[in-house]
Amino acid sequence: MRCTLSACADADAFASFALSCARQGADLLLCHPDSGHADTAHADSGMGDAPYAGAAPSGQPSGTADATDATGAPHIHTAMPPGWTVWPGGEGQGPCCLVGIGPREELCPGDPAPGSASNPAFGLAPPRRASSPDHEPGPHTDAALAAFLGLPTPFGAHSTAPQRDGAPLLWQPARADHDIALGFLAYTYGLPRFGIRSAKPRVLPHALLRRYHAVARWNPATGALTLSVHPDAPPDMAARCARLLGDAPASVLATPGGHAAFTAPSDCAALPPSLDRAGYTAGVREVLRRIRAGDTYQCNLSTRFGLHAPGLHAPGLDSAGLDPAALSLHLWRTRPAPFHGLFRIGGRLVVSASPERFLRVDAPGGGPGRVLSQPIKGTLAFGPDTPHPLWHPGLPGLLAATPKERAELSMIVDLVRNDISADCAHGSVAVARHCATFRVGGAASGLVQMYSDVTGTLRPDRTCLDLLLSAFPGGSVTGCPKRRTLAIIEAGEPHSREVYCGSLLAIADARTMDASIAIRTGWHDAATGRFEHCAGSGIVVDSDPESEYEETWAKAANFREVCA
């Protein structure tokens with residue numbers, strides 16, 4: 001059943017509804033709330049024909065219409081790429097927000113705290129657990145993901161499944177939002193396929209996939225808030241959601257401007273980072289040594305920051321604790337990014353405010369699957385305590401004209417082309433809008449970042465899961481060559497990345513998926529009161545250790561400034 005909860009909900013009303021749902025256990029994927037934020041030349045990126053029309057075939061440079069102007073200057077604009085765009089049946093109606101209400105079935109392989117993910121939400125019975133082996137990921141967990149999604153066993157070099165004969169796969173597009181699976185792959189999911197075994201302690205599972213009793217969708221372009229209810233859902237599910245929408249504005253909107261209520265925790269203390277300034281700069285110098293030795297030519301090095309921040313209802317807490325759900329909605333309203341998300345796994349919550357798309361696949365009109373990746377490399381921070389204290393229109397050009405930053409992105413674009421090529425039709429992989437720029441985080445303090453559109457056409461005998469696993473983890477947060485660089489990262493970082501540098505995702509069917517790179521991502525553990533988040537930077541041969549640390553510090557500002 002599909003019903004309309006509101007024909008014209010504004011961002012404040014939706015934020016209130018989403019927060020009410022999240023506090024009752026719902027999961028969220030949130031695009032940027034301002035549908036007019038993208039410029040007209042970029043508004044269709046990932047949905048319409050814009051990134052395909054001017055794209056150059058693999059192995060050839062992009063055409064000047066997309067990459068440069070007539071003088072050879074880089075393509076520059078300040079609009080963010082569109083956010084989550086996944087519509088059953090290839091409707092393709094633009095970015096949207098999704099609220100997964102009342103999980104009815106889930107797959108959670110490698111959960112360090114088995115059983116905790118089955119806590120009931122929305123007062124419903126715990127979701128049915130699919131087969132979820134709790135050991136290292138591998139072909140068996142790939143097969144479990146495929147079975148959960150109703151797709152063929154994944155194809156590829158890491159699979160033990162019989163080779164496919166190349167015939168087009170039978171494909172039936174999903175027709176309802178409640179058929180969509182939401183979840184994430186942690187960075188750790190991708191390590192064993194490259195021969196890396198990590199013994200670092202974890203608090204999060206290697207992966208999570210869920211389907212729901214109901215999925216609410218908000219379209220910021222029209223204001224339409226609709227609800228798709230599964231036939232097995234309680235008969236009053238639609239009425240309960242309507243009541244939440246009606247009650248939410250009075251109960252959870254309390255701040256000026258109508259932003260979702262959030263109070264910074266008062267009883268919290270900074271935890272030592274896994275790599276402090278001295279440790280991080282030493283790590284950068286070690287990576288530079290490995291670059292000069294020929295082991296890698298770009299490597300993403302991260303550090304983990306954290307707070308001791310008990311939750312709202314922690315025993316003995318006399319003042320306001322951390323409310324991760326309110327934090328997620330607060331970031332969405334005040335620090336815009338295309339790929340926000342919130343997932344609850346028992347007493348642990350993942351909060352993501354990522355600016356980066358990993359992979360999108362759509363097949364409008366039942367046609368071939370169109371592939372889009374938008375890797376980000378190159379960062380310029382502006383705001384207090386930076387060399388650029390105020391935003392001004394010249395900052396994007398300053399970033400895009402920096403040879404080191406352009407080279408860093410070009411290396412990763414080449415890696416991403418390689419990563420997607422095995423699952424794309426021969427000759428279809430192309431690059432458009434090379435070295436485009438956008439601003440993220442706000443006008444007073446934020447980042448200018450650079451990206452490219454890498455596109456292709458999914459082979460008819462492959463699925464979006466084949467593509468996802470072939471390219472995972474994303475090249476922009478690992479480096480190149482990928483296998484050797486992953487080993488360098490594992491040796492150089494004292495922490496587990498957990499879901500950071502993994503991927504939040506929504507999959508509707510074999511040719512309908514959107515997935516982010518899980519950067520600007522943290523997680524809260526109610527049992528320990530720890531809120532942890534990571535940040536990193538890409539190291540190339542001319543990197544300066546101190547500058548790379550400052551970039552990493554700037555990328556961690558979302559959580560540091562809001563929670564402090």
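Helix α6 passes α12 in a right-handed crossing. This is a feature of a predicted model, and it serves here as the way into the structure. Helix α6 spans residues 277–292, and its axis lies 9 Å from that of α12, at an angle of about 125°. That angle makes α6 oblique to α12. On the α6 side the contact is made by R277, Y280, T281, V284, R285 and L288, which meet P545, E546, E548, Y549, E550 and T552 of α12. By class, the residues of this contact divide into five nonpolar, two polar and five charged.

Helix α12 leads on to the largest pocket. α12 (545–555) provides residues for the lining of this pocket, and its seven residues are the largest share of that lining. The other elements that each supply at least two lining residues are β15 (376–382), α9 (403–421), β17 (446–457) and α13 (557–563). The pocket has a volume of about 800 Å³. In total 35 residues line the pocket, and A381, T386, E550, E551 and A554 lie nearest its centre. E550 is thus found in two places: in α12 it takes part in the contact with α6, and it is also among the residues nearest the centre of the largest pocket. The lining is made up of 13 nonpolar, nine polar and 13 charged residues.

Strand β15 links the pocket to the enclosed spaces. A search of the whole structure finds five cavities of 30 Å³ or more, and the largest cavity has a volume of about 150 Å³. Sixteen residues line this cavity, with N300, I519, R520, G536 and K555 closest to its centre. Two elements, β15 and β22 (530–539), give two or more residues to the lining. The largest share, four residues, comes from β15, a strand that also supplies at least two residues of the lining of the largest pocket. The cavity lining divides into six nonpolar, six polar and four charged residues.

A second helix pair remains. Helix α1 (residues 11–23) packs with helix α7 (residues 324–334) at an angle of about 160°, with axes 9 Å apart. At this angle, α1 is roughly antiparallel to α7. The crossing of these two helices is right-handed. From α1, the residues in contact are A11, D12, F14, A15, A18, L19, A22 and R23, and they meet A325, A326, L329, W332 and R333 of α7. This contact contains 10 nonpolar and three charged residues, and no polar ones.

Definitions and conventions
Residues are numbered from 1 along each chain as its sequence is written. This is a predicted model: local features need pLDDT of at least 70, side-chain atom pairs count only at pLDDT 80 or more; totals for chains, interfaces and linings use all residues. Side-chain values use heavy atoms; hydrogens and water are left out. Axes are lines fitted to C-alpha atoms, for helices over the stretch in contact, and angles run from 0 to 180 degrees between N-to-C directions. Angles under 35 degrees count as roughly parallel, over 145 as roughly antiparallel, 65 to 115 as roughly perpendicular and the rest as oblique. A crossing is left-handed if the near helix is turned anticlockwise from the far one by less than a right angle, and right-handed if clockwise. Contact means heavy atoms within 4.5 Å. Ala, Val, Leu, Ile, Met, Phe, Trp, Tyr, Cys and Pro count as nonpolar, Asp, Glu, Lys and Arg as charged, and the others, Gly among them, as polar. On a 1 Å grid over the protein atoms alone, a cavity is a set of points where a 1.4 Å probe fits but cannot get out, and a pocket is an open set with protein on both sides within 12 Å along at least five of seven lines; lining residues have an atom within 4 Å of a point. Grid points are joined across faces, edges and corners, and a volume is the space filled by probe spheres set on the points.
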